[in-house]
Amino acid sequence: MEDDDILDTADGPQPRPQSLMLTFFGNHVLEEGDLGVYSGSIIDVLGRVGVGEQAVRSTLTRMVNRGLLQRQREGRKMFFGLTPQATRVLIDGRTRIWKQGAVNDDWDGSWTLLGFSLPDSWKRQRHDLRSRLTWSGFGALYSGLWIAPGHVDVSAVVTELGLTAHVKIFHAQASEVTDIERMIRETWDLESIAARYVTFDKRWSAHLGNGADDDPIGTRLRLVSEWLRTIRTDPRLPARHLPPAWPARTAQETFHRVAEQTHPALEAARATLETTPLRCAGLGQDA
């Protein structure tokens, strides 16, 4: 996903259609294997969160062209399923959400350092590398030296971007003379990270207080999209080196409470989706 996968509106952060689409497939398809979903079913579910039919169709076509979805025609109907690339993205997101979480209480004191030197003309490659490093939990210690807490394997990212010859990766521990808390403050924008958690917690705590949910399927879709967006730019810094009452813990508790409340919606949605087994990659038809 891109850095601008969310829109800020008067009603709060609104995920873009592609972000919602990936969340839809992560919620309802990822665990099912090679399964295609009828475009009409996708239009119905995304319509619950305000995405119009034309926007859904254009997003599906764009994601096919980007190699994130494959499509398959069955009679007059078009079905869409995940590609290996999208599956990797969603598995990574699932790990961040449900296994790692937003609070790092078990940091072992290690750091991953990544240094790179790219030609001045490689603006796109530099942007792509920085974006992927940010998603992987890195912050810029210096312009060409990035750091992340723990042992982070980004070799696949570097290889995928074709930058192996321009990158050096090390795993190390800080010397006693290093002020880790100061380094963290200077390397990452803690105020912005904290503000995202506070905003998320405020929005979804209010939702919990509303009682019964008229549309748990739509709620689940918005919830996971917004939570993933919130934690995407959080490097999971060691909790013991963060300010007191770091808001990630409270926000995460709120996320899990709403997730538990809307969990039955997953089975309900799957029962209403029209699906078919996938037998081949995209054929190039329009959505």
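**Close-up 1. Ala245 lies in the loop between α9 and α10.** This view, like those that follow, comes from a predicted model. Ala245 has a positive phi of about 55 degrees, although it is not a glycine. Is Ala245 buried or exposed? Its relative accessibility is 77%, and the cut-off for exposed is over 50%, so Ala245 counts as exposed.

**Close-up 2. Arg236 belongs to the loop between α9 and α10.** Arg236, which is not a glycine, has a positive phi of about 55 degrees. Here the relative accessibility is 15%; buried means under 20%, so Arg236 counts as buried. Look for Arg236 again in the next view, where it is one of the residues that line the largest cavity.

**Close-up 3. The structure holds 1 cavity of 30 Å³ or more.** How much space lies in the largest cavity? The answer is about 50 Å³. To trace its lining, start with Ala102, Val103 and Asn104, then move along the chain to Asp234, Arg236, Leu237, Ala239, Leu242 and Trp246. Sorted by class, this lining has 6 nonpolar residues, 1 polar residue and 2 charged residues. If you wonder how such a space is found, rolling a probe the size of a water molecule over the atoms shows where empty space is left.

**Close-up 4. Helix α10 runs over residues 248-262.** With its 15 residues, α10 reaches 21 Å from its first C-alpha to its last, close to the 21 Å expected at 1.5 Å a residue. Which residues of α10 are buried? They are Ala248, Ala251, Gln252, Thr254, Phe255, Val258, Ala259 and Thr262. These buried residues cover an arc of only 160 degrees around the axis, which means that they sit on the same side of α10. Now find the face turned away from that buried side: it carries the exposed residues Arg257 and Glu260. The cover over the buried residues of α10 includes four helices that you can pick out by number: α4 (84-100), α8 (190-208), α9 (216-232) and α11 (264-272).

**Close-up 5. Leu90 is a residue of helix α4.** Leu90 counts as buried because its relative accessibility is 11%, and buried means under 20%. What does Leu90 touch, leaving aside its neighbours within four places in sequence? Its contacts are Leu22, Phe25, Gly26, Leu30 and Leu82. Try finding Thr23 as well: Leu90 and Thr23 are 67 residues apart in sequence, and their C-alpha atoms are 8.1 Å apart in space.

**Close-up 6. Helix α2 spans residues 39-47.** Its buried residues are Ser39, Ser41, Ile42, Ile43, Val45 and Leu46. What do they pack against? Among the helices, their partners are α1 (17-28), α3 (53-65), α9 and α11. The strands β3 (35-38) and β5 (77-82) are partners too.

**Close-up 7. Thr59 has its place in helix α3.** Is Thr59 buried or exposed? With a relative accessible area of 1%, Thr59 is buried, because the cut-off for that word is under 20%. Leaving aside its neighbours within four places in sequence, Thr59 is in contact with Pro17, Gln18 and Met21.

Definitions and conventions: Residues numbered from 1 in each chain as written. Predicted model: local features only at pLDDT ≥ 70, side-chain atom pairs only at ≥ 80, totals over all residues. Heavy atoms only, no water. Helix = DSSP H or I, 4+ residues; strand = E, 2+ residues; numbered from the N terminus. Expected span 1.5 Å × (residues − 1). Buried < 20%, exposed > 50% of the residue type's maximum accessible area, 1.4 Å probe, protein only. Arc of directions from axis to C-beta. Contact = heavy atoms within 4.5 Å. 1 Å grid on protein atoms, 1.4 Å probe; cavity = no way out; pocket = protein on both sides within 12 Å on 5 of 7 lines; lining within 4 Å. Points joined across faces, edges and corners; volume = space filled by probe spheres on them. Nonpolar A, V, L, I, M, F, W, Y, C, P; charged D, E, K, R; others polar.
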